[in-house]
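These are my notebook entries on a structure that I went through part by part. I began with how its chains meet, then turned to charged pairs, and ended with a sheet.

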Amino acid sequence: MHAATLTRFGKMRMAVDPRSEAGRRLRDIAAGCPSPGNAVGTVLLRNVSVSFVSDHSLAVVSDVSLMIRPGEFVTFLGPSGCGKTTLLNVIGGMLLPTVGEVSIDGVPVTAPTPVCNVVFQQHSLFEWMRVADNVAFGPRALGHPDPRGEAMRFLRLVGLEDYAEVYPFTLSGGMQQRVAIARALATAPSVLLMDEPFGALDAQTRSIMQEELLKLRHSVAPTVIFVTHDVDEALLLSDRIFVMRAAPGGLKEEIAVDADLRRSDDPMRNESYHELRQRILAQIREETLKVFNRPDGGR
Amino acid sequence: MHRPAYFRLIVSLSWLLLSLLLPLVVWEFAARKIANPVLLPEPELVAASMMELFSDGSLMDDILASLQRVFTGFFIASAVAIPSALLMAYFLPLRRLFLPLVTVLRPIPPIAWIPLAILWFGLGNKPSYFITALAAFFPIFLNAFAGGIDVQPRHIHAARFLGAGRWLMVRHIYLMSALPSVWTGLRIGLGQSWMAVVTAELIAAQSGLGYMIQANRINLETQHVLTGMIVIGVLGALMTTGLGWCEKLILPWKYQRQ
């Protein structure tokens, strides 16, 4: 947690020993990835509503407008059923909004394209392809001259270069998710969408993956949009947190996370961090109860 | 406990031998009790029949005739069933148009088609091709269809995000998702086809293992009938086992390799 917190805030190159494993990977990143200076990855949602019934009465997501700036790490946080995954699907173009519009860097989103990439909760690797072929799929589809080499570069980034030739099912859940992240990053998306990517992992693996993501994220994917119901995960990773309102889903509160809060050795001991955490937890609890107490269970 | 490979081979061969020996003993015992070679000939008699039919070449001819019919029918069935099943899986109007027909045709057993097959194709190879193809068609079709509709939306989304065009999508996502089910269908289909060829030959052919059994039944040469049955069983088992071995080549991602 400590190392991750250090690398998170801009001092990356100084915080990481260049001779270490992490340092080697960071050099790899610096060697070939788009620099974070190109300001791509602006996500704009204007009055977005999603309803699965025709009369718009039961909105899953209701009237969401927001802007996400290039390079931001934004989290949608809320109880299950609050529409956070739906919102993510809309941003990725996997689902068209009933009302409203989404654009990335000024281009309207109407279908999944390589502008975004997505990491699902689990089981999204192509299980019939070896690990390296999974990661090479994007570069190959986009006409990269050396897809295999590109795949190996991103596998090194997530520390799995030794597993290039195995099939995904031989890997643990955590390793599979690292492959999924490498595959998503290999197309150099402007926006990386992550739908509870660590939700199926055990607590230890999960915390290590969070650290890994923090190490990776600065140079590789300009903008990250993350979905979780875990408050600590959201606080650890995000620049901004949108706490979701339930039934109909929407934005309840926007919280900018002060970087300094997490820079200390043990953020949990920091009083204002603790207060913030308690406040968010109370909000989520309120929303969960709202769904819970409806006679129809929130449908 | 790690035994050397040859030791494990010997053990499994011993078990195989034992499992074959046991019914043989029961058969021998029953044959002596019944003491009527027309009702149940002794194993020795069947062994002698097998030697005789092999040495005069007639058994081999029958085997080849049956195998040729099975594989012809099986390939026809595969060539029709796999593409049509996948097209119906991917295109809803086609599914709506043809799936009810398939549902109604499926419960009709291949043997019920034999009268039509004879009327349409006469005697000989053609009605047998028709029957073996028909028997293989439904398992291949239904499994391929299930494989086709089993493609995961998240795989499709993931591929789109990765920039896959139409061709990559079909070849690497749709077809590969369907492959395990298609393979299952082919395995079942070949077994069904093998059973159906005997049925077809019993009635609509002048050669093959089914015809041979039928002809010898009329002559009360029960030992030849049993020879035919045993050959059918052994060949069918060999096909099933052979396909099981091929599976590791066709679906390598289902098997551990590190």
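Entry 1: polar contacts across the interface. Before counting, I fixed the term: a polar contact is a pair of N or O atoms within 3.5 Å, and within protein one atom must be able to donate a hydrogen and the other to accept it. I also noted that the model is a predicted one. With that term I looked up the pairs between chain B and chain A and found three residue pairs in polar contact, both residues being at pLDDT 80 or more. I then searched for salt bridges between chain B and chain A, and the count is zero.

Entry 2: extent of the interface. The size of an interface is often given as the accessible area lost when the parts come together. I therefore looked up this value: chain B and chain A bury about 2,300 Å² between them. Carbon and sulfur atoms carry 70% of that area. On the chain B side, I found that Phe161(B), Leu162(B) and Trp253(B) lose the most area to chain A, and together they make up 36% of what that side buries. By residues, the contact draws 29 from chain A and 22 from chain B.

Entry 3: make-up of the chain B side. I asked which elements of chain B give two or more residues to the side that touches chain A. They are helix H7 (153-161) and helix H8 (166-204) of chain B. H7(B) provides the largest share of that side, with seven residues. I sorted the residues of the chain B side by type and obtained eleven nonpolar, seven polar and four charged.

Entry 4: salt bridges in the whole structure. Side chains of opposite charge can pair when their charged atoms come close. My search over all chains returned 18 salt bridges.

In chain A, I looked first at Arg69(A) and Glu72(A), which form a salt bridge with their closest N and O atoms 3.5 Å apart. Is each partner buried or exposed? Arg69(A) counts as partly exposed because its relative accessibility is 44%, whereas Glu72(A) counts as buried at 7%. I recorded that this pair belongs to a network of salt bridges that links Arg69(A), Glu72(A), Arg240(A) and Glu254(A).

I next examined Glu196(A) and Lys84(A), whose side chains meet in a salt bridge at 4.0 Å, N to O. Glu196(A) lies in the loop between strand E7 (191-195) and helix H8 (203-220) of chain A, and Lys84(A) in helix H4 (residues 84-92) of chain A, so the pair ties together parts 112 residues apart in sequence. Both Glu196(A) and Lys84(A) are buried.

In chain B, I found Glu247(B) and Arg187(B) joined by a salt bridge of 2.8 Å, N to O. The pair links helix H10 (residues 222-250) of chain B, which holds Glu247(B), with helix H8 of chain B, which holds Arg187(B); the two residues are 60 residues apart. Glu247(B) counts as buried at 14% relative accessibility, and Arg187(B) is partly exposed at 37%.

Entry 5: a sheet in chain A. I traced an open sheet of four strands with antiparallel pairing, in the order E2-E1-E4-E5 (chain A). Strand E2 (59-68) and strand E5 (107-108) of chain A stand at the edges; each has a single partner strand, so one side of each is left without a neighbour in the sheet. Strand E1 (residues 43-51) of chain A runs antiparallel to E2(A), and six bridges join the two. Among these strands I noted one bridge by residue: Val48(A) has Val64(A) in E2(A) as its bridge partner.

How values were computed. Residues are numbered from 1 along each chain as its sequence is written. Chains are lettered from A and ligands numbered from 1 in the order in which they are written. Side-chain values use heavy atoms; hydrogens and water are left out. Contact means heavy atoms within 4.5 Å. Buried area is the accessible area (1.4 Å probe) that two parts lose on being put together, summed over both. A polar contact is a pair of N or O atoms within 3.5 Å; within protein, one must be able to donate a hydrogen and the other to accept it, and residues adjacent in sequence count only if both atoms are side-chain atoms. Ala, Val, Leu, Ile, Met, Phe, Trp, Tyr, Cys and Pro count as nonpolar, Asp, Glu, Lys and Arg as charged, and the others, Gly among them, as polar. Buried means under 20% relative accessible area, exposed over 50%, partly exposed in between (1.4 Å probe, protein chains only). Two strands pair if DSSP finds at least two bridges between them.
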